[in-house]
Amino acid sequence: MKSYFDAKPFHQKLCLTLSNDIQEAILKNAIKFYINAKKENLFFFSNKQILIIQEGALMTIRRNNEGKQIGVDILKKGDLLGILNFGKQSPQDFISVLPLTDVFGWLISKDTFEHLLSQYIELDKFIIHYLSERFYRIIRHLTNLVCDTSKERIEYSLKLSHQYLGDFYLTQEQIALLSGLNRVTVAKIFKDIKEEYGSFRNYL
């Protein structure tokens, strides 16, 4: 009998621009990961691991001292969850994550990944470029949250999700998380957009 994972799109090749030697070294030390978006809502990802996303998308969430949550970033195929908290002295043991679709990937411990970084200069360079791109995305998102109007924040979130997820649209609750707004405000602006453009496809 085939296992559950046999029917899933796991390939013995990472969706990363790395040499075969490095990919083999990572896969040799990684385990398969799958989460069903319909069965899992918000979950906590161990900060001692890195997830290389092969298929699907998820949203990383931050919570302040008052319990308010906000979406920080959308991670998709080729992204690495956990790489931003790479330091051993990270104040967080877990990362809050919301799956937007079913997610498939490979889990590797940070200790093992750090060992591979010391062995492969190519992997070092890849991570430097990757982190630069991720930080730019986060800064752009923070600028949107701080400087833009509510409608502009929702517009940014819609276009970001459309860029990353194609025809898959986020729910109003997910847009509220990503734009830092409440659902009432999101619902009102959604109504205005539909009245003006007829559909989100026309709007985007």
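**Notebook: two sheets and their helices**

I began with one residue pair and found that Ile-31 has Leu-107 as its bridge partner in E8. I noted that the model I was reading is predicted.

I then looked up the two strands around that pair. Strand E8 covers residues 103–109, and 5 bridges join E8 to E1 in an antiparallel pairing.

Next I traced the sheet to which they belong. I recorded an open sheet of 4 strands, ordered E1-E8-E3-E6, with antiparallel pairing. I located its edges at strand E1 (31–35) and strand E6 (80–81), each of which pairs on one side only. I also found helix H2 (residues 110–119) packed on this sheet, where H2 touches strand E3 (49–55), E6 and E8. The direction of H2 makes about 75 degrees with that of E8.

I turned to the other sheet. I read its order as E2-E7-E4-E5, an open arrangement of 4 strands with antiparallel pairing. Why is one side of strand E2 and of strand E5 left without a neighbour in the sheet? I noted that E2 (43–46) and E5 (69–75) stand at the edges and have a single partner strand each, so one side of each has no neighbour there. For the twist from one strand to the next, I entered an average of 40 degrees.

Within this sheet I examined strand E4 (residues 58–63) and strand E7 (residues 94–99), which run antiparallel and are joined by 4 bridges. I found that Thr-60 has Val-97 as its bridge partner in E7. Finally, I recorded that helix H5 (residues 172–179) packs on the sheet and touches E4, E5 and E7. The direction of H5 makes about 95 degrees with that of E5.

Notes. Residues are numbered from 1 along each chain as its sequence is written. This is a predicted model: local features need pLDDT of at least 70, side-chain atom pairs count only at pLDDT 80 or more; totals for chains, interfaces and linings use all residues. Side-chain values use heavy atoms; hydrogens and water are left out. Two strands pair if DSSP finds at least two bridges between them. Axes are lines fitted to C-alpha atoms, for helices over the stretch in contact, and angles run from 0 to 180 degrees between N-to-C directions. Contact means heavy atoms within 4.5 Å.
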